[in-house]
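Thanks for making the time this morning. I would like to walk through how the strands and helices of this model are arranged, with the criteria given as we go.

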Amino acid sequence: MAEVLVYVDHLNGTVRKPTLELLTLARRLGEPVAVFLGPGAGAAAPVLAEYGAVRILAADLPEFTDHFLVPRVDALRAAVDSVSPAAVLVPSSADGREIAARLAVRTGSGLITDAVDVEAGEHGPVATQSVFAAEFTTRSRVTRGVPVITVKPNSAEPEAAPAAGTVEQLAVAVSEASRGTRVVSRTPRESTGRPELTEAAIVVSGGRGLGDAGTFALIEALADSLGAAVGASRAAVDAGWYPHSHQVGQTGKSVSPQLYVAAGISGAIQHRAGMQTSRTIVAVNKDAEAPIFELADYGVVGDLFQVVPRLTEEIESRRG
């Protein structure tokens, strides 16, 4: 059976959920082979094996942390040369898309980004994408080289399928060109205790209807009651009410959670482009004609300052 490379997204050896989703999708195409770069491969191996990794190609070089992403591309290229895979799957994060694009150029291969599903086809992997501000759904495949596909978080439910998970060392030669950009400092992101926005199963977002920055506390309270991430519309971010890192939309982050709650968001096309692939959408808006209701599975026409606190209280009471 053909092998499929899966680039492992991890934080100091802790495997992140999108990688487990990729391993699940990779099993549709062949035998998953995980590529783990950086420290912690031994600790991560049992998790990767549990979700189907037949082999784990590991490499830990100082260049992976001292320089920009390019040394990782060198490593992934080495893995492609070693395995001759049927496809390469990469998490669709900012770093993942950069790595995938560079790998595709180096290998002379086709690239598909932001897929929401991947399945086996008669002539190779077929990827499903939501395109043109999520107005259309396409199914496409790569016709040249090794298919390189980035997949959005929450595109599949991770399913355990225990495999050998044998750790093998990957020989990597980092070129001088890859050392051209050096990382001189890092600032750790402050932890909010909430899930990462792009990976969260539930997202609660606020928009212009909140009126000011102080009332975002309502959104945060609802999010915390649901164990959700907090998002914001472009209007709210541009007004300085919430950080840009939480912006959902065409010029922000794309999310695809199981549940998306939009409070005080009109539903402009650029916002819809970043959340339209959510499984279930709930909208709260006092304007019954707001475009968001065209997209919502459930809608509440009402004052969010009354609806959101009541919803939070109800959720808390049921949990208690």
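Strand S15 (residues 280–285) pairs with S16 in the parallel sense over four bridges, where two strands count as paired if DSSP finds at least two bridges between them, and within that pairing Ala283 stands opposite Gly299 in S16. Helices and strands here are DSSP runs numbered from the N terminus, with H or I over at least four residues for a helix and E over at least two for a strand.

Before going further, please keep in mind that this is a predicted model, in which local features need pLDDT of at least 70 and side-chain atom pairs count only at pLDDT 80 or more, whereas totals for chains, interfaces and linings use all residues. Residues are numbered from 1 along each chain as its sequence is written, and side-chain values use heavy atoms, with hydrogens and water left out.

The pairing I began with belongs to an open sheet of five strands, in the order S13-S12-S14-S15-S16, with parallel pairing. Strand S13 (229–232) and strand S16 (298–301) stand at its edges with a single partner strand each, so one side of each is left without a neighbour in the sheet. The twist from one strand to the next averages 15°.

Which strands does H6 lie across? Helix H6 lies across strand S12 (202–206), S13 and strand S14 (259–263), running at about 170° to S12; axes are lines fitted to C-alpha atoms, for helices over the stretch in contact, and angles run from 0 to 180 degrees between N-to-C directions. Contact, throughout, means heavy atoms within 4.5 Å.

H6 (residues 216–226) also packs with helix H10 (residues 304–319), at an angle of about 25° and with the axes 9 Å apart. The two helices, H6 and H10, are therefore roughly parallel to each other, a label for angles under 35 degrees, while over 145 is roughly antiparallel, 65 to 115 roughly perpendicular and the rest oblique. Among the residues making the contact are Leu218 and Leu222 of H6 and Val308 and Ile315 of H10. By class, the contact of H6 with H10 comprises ten nonpolar, two polar and three charged residues, where Ala, Val, Leu, Ile, Met, Phe, Trp, Tyr, Cys and Pro count as nonpolar, Asp, Glu, Lys and Arg as charged, and the others, Gly among them, as polar.

The second sheet is also open, with nine strands in the order S9-S8-S7-S10-S6-S1-S4-S5-S11 and mixed pairing. Its edge strands are S9 (136–140) and S11 (166–169), each of which pairs on one side only. Within this sheet, strand S1 (residues 3–7) and strand S6 (residues 87–91) pair in the parallel sense over three bridges, and the bridge partner of Val4 in S6 is Ala87. Helix H2 (residues 41–50) packs on the sheet, touching strand S4 (31–37), strand S5 (55–59) and S11, and its direction makes about 155° with that of S4. Helix H5, for its part, lies across S1, S6, strand S7 (111–121) and strand S10 (148–151), at about 170° to S10.

Finally, the axes of helix H4 (residues 70–83) and H5 (residues 94–107) come within 9 Å and cross at roughly 50°, and H4 and H5 are therefore oblique to each other. The contact of H4 with H5 has six nonpolar, one polar and five charged residues.
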